[in-house]
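Reader: I should be grateful for a close look at a single part of this model. Please explain each term as it arises.

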Amino acid sequence: MVSYIIRRVIYAIPILIGVNIITFALFFVVNTPDDIARMQLGVKRVTPEAVANWKHEHGYDKPLLYNAGAQGRSKFTDTIFYRKSVRMFAFDFGLSDDGRDIAYEIRTRMGPSLAIAVPAFIVGLLVNISFALLIAFFRATYLDFWGVVVCVAMMSISGLFYIIGGQYLVSKLWNLVPISGFDFGFDTPKFVILPVIVGVISGIGSGTRWYRTIFLEEINKDYVRTARAKGLSEIRVLFKHVLKNAMIPILTGVVVVIPLLFLGSLITESFFGIPGLGSYTIDAINSQDFAVVRAMVFIGSVFYIVGLILTDISYTMVDPRIRLA
Amino acid sequence: MPLIPAVLWTDALIYLLLALIVLFAWYVRGRPHLAAPWKRVAQSKSGMIAATVLAAYLAVGLLDSIHFRLPIEGNGAKRVYSVEALSIFDLLVNPLRTRVEKTYSAPLAAYLFAKETIQLPDGAEIRDYPRLKYGGANLRDPVSERAADIARRVFYSLVLAALAWMVVAAILVRLVAMRRKRDFRETAMAMWRGENEIPWNAILITFGTLMLFAFPVAILSAHYHVFGTDKVGQDVLYLSLKSIRTGLIIGTLTTLVMLPFALAMGIMAGYFRGWVDDGIQYFYTTLSSIPDVLLIAAAVLMMQVFMDSHPQMFPTVTERADFRLLFLCIILGVTSWTSLCRLLRGETLKLRELEYIQAAHAFGVSHLRIMARHILPNVMHIVLITVVLSFSGLVLAEAVLTYVGVGVDPSMISFGNMINSARLEMAREPAVWWSLFAAFLFMFVLVLAANLFADAVRDAFDPRVRVAAGLPAPKG
């Protein structure tokens, strides 16, 4: 087990190097630092000195890959590639283009992101699985048919409508909770409840349908027939046998997103004004802060790979047949 | 009136896609093993209902994809052409496009949404809601006449819709009767009872329902703004109809633009195996490990910098917006490409072991020829399924990405831009709900139809579903 995890982590390194090279190519080769500087400075103030000054302040005034003018090791380390890309492996993201410490921002903004993402994730999972079990219990009846119809209709609605509609109804018409904002402490639930509910509702359609397919696939298998033949009640069959055996396909989809919860949701956080990583990213995109976007791309990939490893580990927990070696 | 065509990149590509689909359909016709699943799609009731609705959307989108530039003034060699590219659709609904009010007005309203200072004929000034320039302009006293006028027009249009439906239904029955060499009455009854393989009754009922909505909207829009007007007074119905093209392009071209790449990589990985396979797998694992939104955001940001530093490449606003749309399709394709590549690789791995490929090897056919002639046609259905299955998700993604600021150009009419502006309108007092409602309605119907059609396609191609339903599993 431990050796397996170590091997997986080692496998992840070439992939992260690949991600790093892709982002480097995207940010520094497609457009030169001069272009970025001009963009940041705006049209009016562009003089060669201003561009050079901006590049110097933000550390973009070095050669891309190889610094012929430096001595010894710093021929390679005193370059944009090393300073901006290689150092990300040590989670050293440097300063954002407006001069703040990215790593510090990320640490402080993780809390609000998690405060929304974790409840939405857990409640959503429970709601979807219970609805799917219910529909599977009533399979091939009108309830099943109309349940699927409602699911397809719900997943055909853009997530933006759920948010705009929820804010309009709950906050503007009924005045139950504030439209947006966030605070730690006693007020937290007040700010968290609406985004969580909206998040859960917007995920019901696709989620329930997805789990229903998984359950129906299991229900047609031989062991389920055997369980019924033994005289077990349908409820017992569903919970003890079907749900347990459906864990593998469920975990495949679920565990991989758990680390990504740290990143928060771009849309939800920006609509509800939550100072998390999602709105941090969206602000960076809108103000064209490339350093932040670059850091988020790297962290996102790291989290994704961690998710994949966790998925494999979770398999061994639910299925004794799977041994990782 | 001489026009000059203005072929946008996305126009050319969408017609290329159409040509490819027609070509593939023609190729499939003669090959029963490829045609069988598509026949099952045609027999599915919900699938054909959805296809009818999608066809209506497609018609609008395709008409909206033939652009040209109108002459403004001058003659002969000195003629000056407008920099704005219009489409055939724009000309068809020209009144909708040109009848612009001052600002917001509610659906079917005759008065503006905001109060203004109006100068009365006798010189006095009052603050009141002014009459609209075009909405309800035919009425003398809107307060008393409007409801009756609207009711009268709706009634006429419903009668017209029924007539139009009957004509189309009669033509359709006639065609089917001719093909089956039966008489008209017998065919009509069979079609009505749903005794044919293709569910004609469902198709005709859907078509009739569409007519029942389309006719009143079309006829009312001659004198009213059916869905109201937006902040700058543009007709919301026009905006919604124009958004269809953007949605269709994002939904379909995304798969198309990455297709050559995905096909080449997927087939090569499955066919050659070994280090080629390893390399390609490493490449797509790396790409897919970057969260989609972030990769798209990073790429679009970089493209903006590129466009700002190369302004000479984009002479008109339309071309600039079009380039951005195409780029968005490409980058969305990069993120969704990996799953298609994986599927193609798996299918090729299976195909390369089959006898006919082995036979081709024995005859000394080159690798390239085997891949092009023997493998490619047999994996094409995966491509089409991917186009269908990913369509609805991409239409929804457009709205989200545009909201984030990395979607289509702000000057391009799209569902995303409509929703984006509606967000602030809902906060007004009283709320301006009609833009949001129209975008919601048009988008919901499109995505719902696409989802239902995708389900029909998936059911037709998935052998497991067929076994569960008690149907014979497809051979091979």
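**A loop residue and its surroundings**

Author: B:D462 is partly exposed because 14 other C-beta atoms lie within 10 Å (20 or more would make a residue buried, 12 or fewer exposed, and anything in between partly exposed; C-beta atoms are placed from the backbone). This is a predicted model, in which local features need pLDDT of at least 70 and side-chain atom pairs count only at pLDDT 80 or more, while totals for chains, interfaces and linings use all residues. Residues are numbered from 1 along each chain as its sequence is written, and chains are lettered from A and ligands numbered from 1 in the order in which they are written.

B:D462 belongs to the loop that links α17 and α18 (463-468) of chain B (helices are DSSP runs of H or I with at least four residues, numbered from the N terminus). From B:D462 to B:M418 there are 44 residues in sequence and 37 Å in space, C-alpha to C-alpha.

Helix α17 (434-461) of chain B also supplies at least two residues of the side that touches chain A, as do α11 (274-288), α12 (292-309), α15 (367-404) and α16 (415-425) of chain B. The greatest share comes from α12(B), with 12 residues. In total, 38 residues of chain B are in contact with 41 residues of chain A (contact requires C-beta atoms, placed from the backbone, within 7 Å). On chain B, this side comprises 29 nonpolar, 7 polar and 2 charged residues (Ala, Val, Leu, Ile, Met, Phe, Trp, Tyr, Cys and Pro count as nonpolar, Asp, Glu, Lys and Arg as charged, and the others, Gly among them, as polar).

Conventions. Contact = placed C-beta atoms within 7 Å.
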